[in-house]
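Colleague: I'm new to this one and keep tripping over the labels. Could you take me through how you decide on them?

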Amino acid sequence: MPKKIKLSQGYITIVDDDLFDELSKYTWHTDIANKGTNVYARNNRVGRMHRFIMELKGIPINGKPLDHKDGDGLNNLFSNLRVVTQTENNRNRKDRIRSANSPYTGVA
């Protein structure tokens, strides 16, 4: 059963029950990125929660990008996190604009 952790500015993140006790040892705040298009949980000591979760689970990330499968940076369930390539991560950007003339992103 997912658990909720309160962040600053009224935001809430959800995490797996087995990680809740460890994550609750830290004070988490809201990290708003990319001109407000992405919201994450962050702690000044351990960084962004999704990266810390991968470390806790023993998943080697070695500086690689991570993403949230559903695009919600506050859904920090382990099943929602994955290591991706930079190309895959760029494809997920929310600020990409579609042209009125084409149904394809980046095509005029």
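Modeller: Happy to, starting with D18: its relative accessibility is 53%, and exposed means over 50%, buried under 20% and partly exposed in between, with a 1.4 Å probe and protein chains only. So D18 counts as exposed. Bear in mind that this is a predicted model, where local features need pLDDT of at least 70 and side-chain atom pairs count only at pLDDT 80 or more, while totals for chains, interfaces and linings use all residues. Residues are numbered from 1 along each chain as its sequence is written, and side-chain values use heavy atoms, leaving out hydrogens and water.

Colleague: What makes the meeting of D18 and K57 a salt bridge?

Modeller: The term asks for a side-chain nitrogen of Lys or Arg within 4 Å of a carboxyl oxygen of Asp or Glu. Between D18 and K57 the N to O distance is 2.9 Å, so the pair fits the definition. It links distant parts of the chain, 39 residues apart: D18 sits in helix α1, K57 in the loop between α2 (49–56) and β6 (66–68). Helices (H or I, at least four residues) and strands (E, at least two) are DSSP runs, numbered from the N terminus.

Colleague: Is K57 buried, exposed or partly exposed?

Modeller: Partly exposed, because its relative accessible area is 32%.

Colleague: How many salt bridges does the structure hold?

Modeller: There are 6. One of them joins K3 and D17, whose closest N and O atoms are 3.4 Å apart. K3 lies in strand β1 and D17 in helix α1 (residues 17–23), so this pair ties together parts 14 residues apart in sequence. K3, at 32% relative accessibility, is partly exposed, and so is D17 at 42%. Another bridge pairs K25 with E22, with 3.0 Å between the closest N and O atoms. K25 counts as exposed at 61%, whereas E22 is partly exposed at 26%. D31, R42 and R48 are linked in a salt-bridge network too.

Colleague: How do you know that strands β1 and β2 pair?

Modeller: Two strands pair if DSSP finds at least two bridges between them. β1 (residues 3–6) and β2 (residues 12–15) are joined by 4 bridges, so they pass, and they run antiparallel. K6 stands opposite I12 in β2. The two strands form a hairpin with 5 residues between them, and Q9 in the turn has a positive phi of about 60°.

Colleague: Why are β3 (29–33) and β5 (47–48) called edge strands?

Modeller: Each pairs on one side only. The open sheet runs β3-β4-β5, with antiparallel pairing. β4 (residues 38–43) and β5 share 2 bridges, and N43 stands opposite G47 in β5.

Colleague: What makes T13 buried?

Modeller: T13, found in strand β2, has a relative accessible area of 0%, so it is buried.

Colleague: Which residue's side chain makes a polar contact with the side chain of T13?

Modeller: N76, at 2.8 Å. The label needs a pair of N or O atoms within 3.5 Å; within protein, one must be able to donate a hydrogen and the other to accept it, and residues adjacent in sequence count only if both atoms are side-chain atoms. A polar atom of the T13 side chain also lies 2.7 Å from the backbone oxygen of L74. Contact in general means heavy atoms within 4.5 Å; leaving aside neighbours within four places in sequence, T13 touches several residues that way, among them A41 and M49.
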